[in-house]
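User: Please take me through this model. I will ask what stands behind each label.

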Amino acid sequence: MKRFVAILAVSLAGALPAVSQSLEDLNIQFHGYATQGFLYSNQNNVFTTTSSNGSAAWNEDVVNLGATPIPKLRVGVQARYFLLGNYGNSITLDWAQADYRFDDRFGVRVGKVMTPFGLFNETQDIDPSYMFALLPQGPYSIASRNSQLSEYGGVAYGTLKLDKLGKLEYRGWDGIRAVTKDDGNFLGQRESGTTLPNGISGSAIGAALHWRLPLEGHALMFGASDLYVFQKSGVISNTPTTGASQTTTNGTETVSPFSQPFIFAKYEHGRWMLAGEVWKSAAKQFVSLTGKATTESINDNTAWYPMLTYKVTDKLTAGSYYTQEFNTAAKLGPARYLKDWVISGRYDFNQFLYAKAEEHFIEGTLTDFDTTMNPSGLKPTTKLTILKMGVSF
Amino acid sequence: MKKSLYTFLLVALASISVVQAKAQVLVIANPSVKATDVSKNDLKDVFTGSSTSLGGSSVVPILLKAGTANEEFLQAYIGKSDTAYRAGWRSLVFSGQATMPKTLDGDTAVVEFVAHNAGTIGYIGKATPHDGVKVLAVK
């Protein structure tokens with residue numbers, strides 16, 4: 001049923017620009033996009049799909065409604081159907097907000113808002129906006145979108161002109177981060193029988209600065225952001241998947257306060273784009289089940305990547321990146337790291353329709369490899385081929 | 001001597017070509033917009049959603065759907081193809097940072113809209129009649 005809805009949405013895309021225009025007379029806009037992806041891996045199933053046999057279980061359908069009822073005020077909402085393997089398969093709210101832009105120096109948006117950290121977080125799930133089918137998975141894990149993308153709260157933003165020093169863009173945010181029970185961060189727990197029926201939530205604050213240098217004919221930006229997550233907690237339920245006892249036990253999971261700093265840079269000139277980023281996230285998790293001792297686990301992840309794209313023609317873009325992520329708190333072995341060489345291409349048939357083809361050469365199994373879909377055990381390397389088509393309006 | 005003259009003529013012809021290329025597109029604004037000129041950087045900021053003000057006035061960009069004037073404007077002042085330009089705006093729309101600017105079918109419609117809507121700024125072909133709007137010099 002959901003696949004039928006997706007196909008219907010794509011089919012209607014051609015007629016919708018006319019609808020968009022008439023609604024625009026009322027200052028209301030309707031936009032959307034849909035993507036369909038195909039994954040094939042030479043070994044190791046990825047993202048909870050059967051990619052080693054080829055998998056088309058990767059689909060997104062997004063609808064966006066916005067209006068400008070009075071000058072400087074924008075209101076809008078965006079909803080998404082997302083499916084990737086066993087992730088998603090539900091309709092969720094991306095964001096719903098009111099945004100008032102006093103002037104270029106200060107604006108504020110409140111509601112469920114995208115969290116503007118790093119180079120790509122605000123756009124990481126907007127497939128039409130970038131050329132790669134998958135962004136570096138360390139900082140931008142597609143399986144952990146819920147924990148990263150948005151929060152309930154507000155963002156203050158603006159741009160300060162610094163004359164000969166260029167421009168300084170700032171963002172500051174505060175809100176509640178709610179991570180759903182099916183988030184990729186909890187995949188290992190679910191496989192061992194532990195679930196969070198209501199997910200896990202806690203407060204988060206952060207800030208970001210982007211310094212854009214005034215270079216004629218070039219675009220150079222240096223940036224930094226930090227996201228600080230206060231203690232998060234949620235109710236858990238554990239039913240052991242092994243052993244004689246299958247008794248369900250309840251308890252609490254708590255994630256200690258942690259920080260996620262990003263440092264990044266981006267350079268654009270003519271047909272070239274060069275970018276790079278370094279990211280770190282270190283957190284402790286405490287699981288307390290009734291009648292049992294509290295267990296503690298630590299993740300201390302660092303990731304980095306350089307990225308390069310080149311616009312071959314107006315319609316064809318080629319690109320590559322290399323990323324590494326490692327968890328220094330994990331035991332030695334492939335599960336401690338992820339290294340990924342990526343070669344990619346994107347072809348824009350027109351302003352509405354595009355296609356992507358991408359090859360990943362992966363070493364390690366730190367991120368997005370699960371044991372349930374790999375009962376024979378994980379191999380240390382994976383070649384992953386991705387084909388994706390999208391339509392947006 | 002001949003070489004110098006030849007070089008001078010080449011440079012002069014090139015300069016004329018550049019001037020003519022720039023002059024093929026006019027940037028127009030509603031008379032309520034205070035600015036009389038605009039830098040290329042500020043113009044790009046307005047038409048890519050980075051800025052909503054110009055010379056002390058709040059401004060709203062108006063786009064052309066297609067055509068020669070649209071292509072020349074994007075090439076001269078934005079540095080992107082039409083496809084990439086629209087994709088950039090959609091990126092802002094889908095991340096909640098903007099709404100898509102109003103897009104009109106032709107130069108006449110742009111002049112009509114800009115003339116009657118305070119704070120609007122658009123672009124048209126040089127030969128298009130543009131009564132009721134002011135022309136901003138691009139420096």
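Analyst: Two strands pair if DSSP finds at least two bridges between them. Strands here are DSSP runs of E, at least two residues long, and helices are runs of H or I, at least four long, numbered from the N terminus. The model is predicted, with pLDDT of at least 70 required for local features and 80 or more for side-chain atom pairs, while totals for chains, interfaces and linings use all residues. Residues count from 1 along each chain as its sequence is written, with chains lettered from A and ligands numbered from 1 in the order written.

User: What makes β18(A) and β19(A) a pair?

Analyst: DSSP puts 11 bridges between β18 (353–363) and β19(A), which run antiparallel. At least two are needed, so the two strands pair. One position to look at is A:K356, whose bridge partner in β19(A) is A:K388. β19(A) also pairs with β1(A), again antiparallel, over 9 bridges. There, A:L39 is matched with A:I386.

User: Why are β6(A) and β7(A) called a hairpin?

Analyst: Strand β6 (150–161) and strand β7 (167–179) of chain A run antiparallel and share 10 bridges. There are 5 residues between them, and A:D163 in that turn has a positive phi of about 55°. A:A156 has A:G172 of β7(A) as its bridge partner. β7(A) also pairs with β9 (200–213) of chain A, antiparallel, over 13 bridges. In that pairing A:D174 meets A:I205.

User: What makes β2 and β6 of chain B edge strands?

Analyst: Each pairs on one side only. They belong to an open sheet of 6 strands with mixed pairing, in the order β2-β8-β1-β7-β5-β6. β2(B) is joined to β8 (134–138) of chain B by 2 parallel bridges. The cut-off is at least two, so this still counts as a pair. B:D37 stands opposite B:A137 of β8(B).

User: How do you know which side of α3(B) faces inward, and what covers its buried residues?

Analyst: The buried residues in α3(B) are B:A69, B:N70, B:F73, B:L74 and B:Y77. Buried requires 20 or more other C-beta atoms within 10 Å of a residue's own (12 or fewer is exposed, in between is partly exposed). Those residues span an arc of only 130° around the axis, so they sit on the same side of α3(B). Their cover includes β1, α2 (40–47), β5, α4 (82–94), α5 and β7 of chain B. Helix α3 (68–78) lies across β1, β5 and β7 of chain B, at about 115° to β7(B). Helix α5 (107–116) lies across β1, β5, β6 and β7 of chain B, at about 155° to β7(B). Just after α3(B), B:G79 has a positive phi of about 75°.

User: What makes a set of residues a nonpolar core, and which members touch the most others?

Analyst: Its members are buried Ala, Val, Leu, Ile, Met, Phe, Trp, Tyr or Cys, joined through C-beta atoms within 7 Å. The largest such core has 46 residues, and A:F47, A:L84, A:F132 and A:L134 touch the most other members. Strands giving at least two residues include β3, β9 and β19 of chain A. A second, separate core of 27 residues includes B:V59, B:L74, B:I124 and B:L136.

User: How many residues does each chain bring to the contact?

Analyst: Chain A gives 28 and chain B gives 18. Contact means C-beta atoms, placed from the backbone, within 7 Å. On chain A, β1, β2, β3, β4 and β5 give two or more residues each. That side has 7 nonpolar, 13 polar and 8 charged residues.

Notes:
Two residues are in contact if their C-beta atoms, placed from the backbone, lie within 7 Å. Ala, Val, Leu, Ile, Met, Phe, Trp, Tyr, Cys and Pro count as nonpolar, Asp, Glu, Lys and Arg as charged, and the others, Gly among them, as polar. Axes are lines fitted to C-alpha atoms, for helices over the stretch in contact, and angles run from 0 to 180 degrees between N-to-C directions. The arc is that of the directions from the helix axis to the C-beta atoms.
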